[in-house]
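Work through the exercises below with the sequence and the coordinates at hand. Each task is followed by a solution in steps.

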Amino acid sequence: MSLEVPKELEKEIDERITHYPESKRSAVLPVLHALQHHFRYIDENAVEWAAAKLDLEPIKVLEVVTFYPGFRQTAPGKYHIRVCRTLSCAMSGSYELMESLCEKTGIDRSGVTHHDPIAVSADGKFSIEFAECLASCGFGPVCMVEDDFHEAVTDVDELLKQYP
Amino acid sequence: MSEEKPDLIDVQINGEWHKFPKGTRMIEACRAVGADVPHYCYHPKLTSPGNCRMCLVEMGMPPRPRPGEDPPEPDEDGHLPIGWMPRPAIACANTIAPNMGIRTTGELTEGCRKGVMELLLANHPLDCPICDQAGECTLQEYSVEHGKSESRFRERKVKKPKNVEVGPRIRLDDERCIMCSRCIRFTDEIADDPVLGFTDRGSHTVLTVYPGRELANNYSLNTVDICPVGALTSNDFRFQMRVWFMKEVKTIDTNCGTGCNITVFSRQGKIYRITPRQNNDVNSDWMPDSHRLNFHWIDSEARLTEPLIKLGDSHKPAAWTEAIALASDKLNGIDGSEIAIIASARMTNEELFMVDRLSKHLKVGHVDTVARKGENDGYLISEDRNPNTNGVKLILGLDDPGSQIEAIKEGIDQGRIKALISLQENLIDDAGFTAETLQKLDFFVHSYPLANPTADLADVVLPGACWAEKSGTMINVTGRLQRLNEAVDAPGQTLTPWEIVRDLIQATGGGNGIYSVTDIFNQLSAEVSEFDGITWGQIGDLGVPLIETGVTIPLLEREKERIAQGIIVG
């Protein structure tokens with residue numbers, strides 16, 4: 001199965017590649033970011049599309065995808081939540097925050113492993129994973145829902161209400 | 001100093017000054033003066049990523065004077081003092097510089113090696129007793145030389161995939177892998193089949209074959225050879241034999257005209273493994289899988305182990321004397337012009353030399369060999385699938401070996417050829433002969449290692465040793481004279497083809513007095529002008545260029561280019 005990349009996205013990707021004149025390989029990251037932004041995650045079709053685009057062997061792209069936790073290899077929910085678990089947030093209750101988010105959204109994290117970090121709710125509305133420092137250590141616990149930043153999260157209901 | 005060649009520079013290694021060509025890697029300079037530097041990721045035929053850190057050495061350069069300070073004074077030999085750097089440098093990817101100092105011993109270097117070894121072994125499963133690599137594993141070797149007897153690591157070891165089939169011939173144990181990346185670079189740079197890579201980099205880095213692909217190219221087993229540990233193992237050799245029990249014999253591959261240099265590993269007369277042996281003029285460090293695995297037939301049930309004589313419709317075992325006597329009686333009763341010899345370009349020069357004698361002695365009317373052509377694979381496999389076509393041309397004087405086979409068939413069909421001596425060729429399966437044709441012969445002698453349909457029709461069947469069971473020389477497609485060495489004994493009463501031909505010559509009334517293959521070589525060397533009196537010893541393990549053929553080996557040409565560009569050491 002091949003990836004259906006819209007004309008406009010491909011145009012944008014082609015433009016981004018021109019920023020790396022020395023070697024197309026250096027454009028792997030921006031290409032993957034663009035693909036993930038559009039498709040929400042990077043599956044093997046996306047890896048192969050990116051590899052073909054950059055004249056690379058697919059394994060060279062897979063190496064990069066598996067190195068960065070920021071690249072999702074499985075499909076997230078409609079709203080993807082990332083909870084910071086680095087020291088300051090951990091001390092100010094990020095694990096409790098994770099637990100209550102899971103409870104309210106109906107996410108079961110029991111299948112989560114180092115290599116499969118994302119858990120999705122049964123209705124597919126929310127997905128969640130732990131992230132490392134989101135750079136707001138003074139205001140833990142911190143989480144991101146999609147690209148929205150939420151500091152000192154105490155009221156989980158209030159937070160989730162914003163994402164219908 | 002003034003006499004010094006401009007491309008040689010002075011480097012001090014362990015206190016002694018030496019001269020090396022500019023651009024020499026530090027590790028190669030050390031090796032050249034006997035100060036070997038331990039290493040895992042570095043391989044002279046591959047790019048140097050410098051990732052294993054095992055080759056860290058202490059390094060120093062002349063100190064740069066501070067502003068206003070006088071530059072350091074050279075000593076009476078012109079060498080400047082060396083300011084040793086507090087941190088080590090990798091010897092594999094760095095090149096030497098004028099007046100550089102290297103210490104491959106001492107506290108700093110030893111400390112680095114100990115540290116690297118401890119880290120490499122932290123997550124290693126230490127399953128040496130059941131590991132195929134044991135006995136030829138650099139982790140083991142360097143542990144003896146540089147390791148600690150005890151690990152300080154008290155945590156749980158990282159679990160990784162084991163017994164992974166990365167290809168049809170190779171299995172991977174990711175826990176044994178030390179991430180040197182030699183296999184990845186080999187598949188990228190030499191085999192042009194980049195399917196391997198590291199995924200999940202970090203504490204859980206694993207060597208992975210891209211999902212849905214496999215490491216299946218015809219050079220894949222070379223990754224097993226260059227794997228410094230037991231991570232990649234060969235399905236064929238896995239758990240067959242401990243490496244320290246095997247006898248190693250240096251010889252050459254006979255599956256094609258390239259004549260890859262190989263080492264045959266055997267125990268008690270049985271071959272267990274064949275690996276490529278470095279020869280930068282023939283096969284570099286590599287060989288094709290198809291060639292290295294083509295040895296299992298050697299100890300198969302189908303081997304002929306005693307001479308056979310045809311009685312009615314079946315064969316009966318006979319003594320050599322009886323079989324040879326029968327053959328010579330029959331041959332002496334037929335005019336030479338009615339006899340044909342089909343020899344083989346898989347025979348050694350010495351065997352062909354004896355064939356030439358036999359044919360001259362019997363005044364044989366037709367002599368040829370069977371041609372074998374295939375496709376040049378663009379790497380090491382030559383389109384000539386015979387190992388010694390050049391020997392046939394030189395010694396039997398055939399311009400176009402194989403071109404008279406059709407004429408011989410016709411001669412037999414028309415009754416002009418009454419007797420045929422077929423040496424080391426299965427005429428029905430490999431030369432397009434039909435049983436009908438062969439049945440028209442009055443007399444047919446056949447030597448071959450294996451039972452085969454041609455032998456079924458022969459009046460006398462003589463078991464002839466195969467390539468691994470004999471010594472001799474061959475000339476490869478580039479015109480290089482190389483030595484074949486006997487690795488295992490031939491089974492039963494099998495004789496080497498030169499002995500068979502000698503016995504036929506003797507029995508038919510020709511000369512004798514040849515008792516060893518080197519005797520034949522010396523006569524050959526004296527009689528065939530191209531050999532120019534070369535001696536057996538001069539050929540050595542790596543062979544010598546003998547004739548100009550203009551043929552090149554594609555893989556070698558690409559390697560030469562990479563060496564010229566400084567990408568690899570070579």
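Helices (H or I, at least four residues) and strands (E, at least two) are taken as DSSP runs, numbered from the N terminus. The model is predicted.

**Exercise 1. Describe the make-up of chain A.**

Solution. Start with the count: chain A holds seven helices and five strands. Next, read their order from the N terminus, which is α-α-α-α-β-α-α-β-β-β-β-α. Then turn to the domain assignment, which divides chain A into domain 1 (7–67) and domain 2 (79–161). The C-alpha centres of these two domains of chain A are 28 Å apart. For the overall extent, the C-alpha trace of chain A spans about 45 × 35 × 30 Å along its principal axes. Last, take burial and contacts: of the 164 residues in chain A, 33% are buried. Among contacts in chain A with a separation of 6 or more, 55% join residues 24 or more positions apart.

**Exercise 2. State how many residues each chain brings to the contact between chains A and B, and classify the chain B side.**

Solution. Count both sides: 11 residues come from chain B and 11 residues from chain A. Then sort the chain B side by class, which gives six nonpolar, three polar and two charged residues.

**Exercise 3. Divide chain B into domains and characterise the contact between domains 2 and 3.**

Solution. The bounds in chain B are domain 1 (8–105), domain 2 (122–299) and domain 3 (308–554). Taken over C-alpha atoms, the centres of domain 2 and domain 3 of chain B are separated by 37 Å. Contact between them involves 27 residues of domain 2 of chain B and 28 residues of domain 3 of chain B. On the domain 2 side, β12 (247–252) and β13 (261–267) of chain B each supply at least two residues. The largest share of that side, four residues, belongs to β12(B). By class, the domain 2 side has 14 nonpolar, 11 polar and two charged residues.

**Exercise 4. Locate the nonpolar cores.**

Solution. The largest nonpolar core has 165 residues, and A50(A), C55(B), A91(B), A343(B), V355(B) and A468(B) are those with the most contacts inside it. Helix α8 (residues 349–362) of chain B gives this core its largest share, six residues. Now look around A343(B): leaving out residues up to four places away in sequence, A343(B) touches L352(B), V355(B), V367(B), T369(B), L396(B) and L423(B). Another core lies apart from the largest one and has 20 residues, including M98(A), I107(A), A119(A) and A131(A).

**Exercise 5. Which residues of helix α10 (residues 405–413) of chain B are buried, and on which side of the helix do they lie?**

Solution. First list them: I405(B), I408(B), G411(B) and I412(B) are buried. Then consider the helix geometry: an α-helix has 3.6 residues a turn, so residues three or four places apart point the same way. The buried residues lie on the same side of α10(B), because they cover an arc of only 120° around the axis. Their cover includes β17 (339–343), β18 (366–369), β19 (419–423) and α12 (435–439) of chain B. Just after α10(B), G415(B) adopts a positive phi of about 80°.

**Exercise 6. Trace the sheet that contains β22, β23 and β24 of chain B.**

Solution. The three strands form an open sheet in the order β22-β23-β24 (chain B), with antiparallel pairing. At the edges are β22 (472–475) and β24 (544–545) of chain B, each pairing on one side only. Between β22(B) and strand β23 (residues 480–484) of chain B there are four bridges in the antiparallel sense. As a check on register, T473(B) has R483(B) in β23(B) as its bridge partner.

Key. Residues are numbered from 1 along each chain as its sequence is written. Chains are lettered from A and ligands numbered from 1 in the order in which they are written. This is a predicted model: local features need pLDDT of at least 70, side-chain atom pairs count only at pLDDT 80 or more; totals for chains, interfaces and linings use all residues. A residue is buried if 20 or more other C-beta atoms lie within 10 Å of its own, exposed if 12 or fewer, and partly exposed in between; C-beta atoms are placed from the backbone. Two residues are in contact if their C-beta atoms, placed from the backbone, lie within 7 Å. Ala, Val, Leu, Ile, Met, Phe, Trp, Tyr, Cys and Pro count as nonpolar, Asp, Glu, Lys and Arg as charged, and the others, Gly among them, as polar. Domain bounds come from an automatic or database domain assignment. A nonpolar core is a set of buried Ala, Val, Leu, Ile, Met, Phe, Trp, Tyr and Cys residues joined through C-beta atoms within 7 Å. Two strands pair if DSSP finds at least two bridges between them. The arc is that of the directions from the helix axis to the C-beta atoms.
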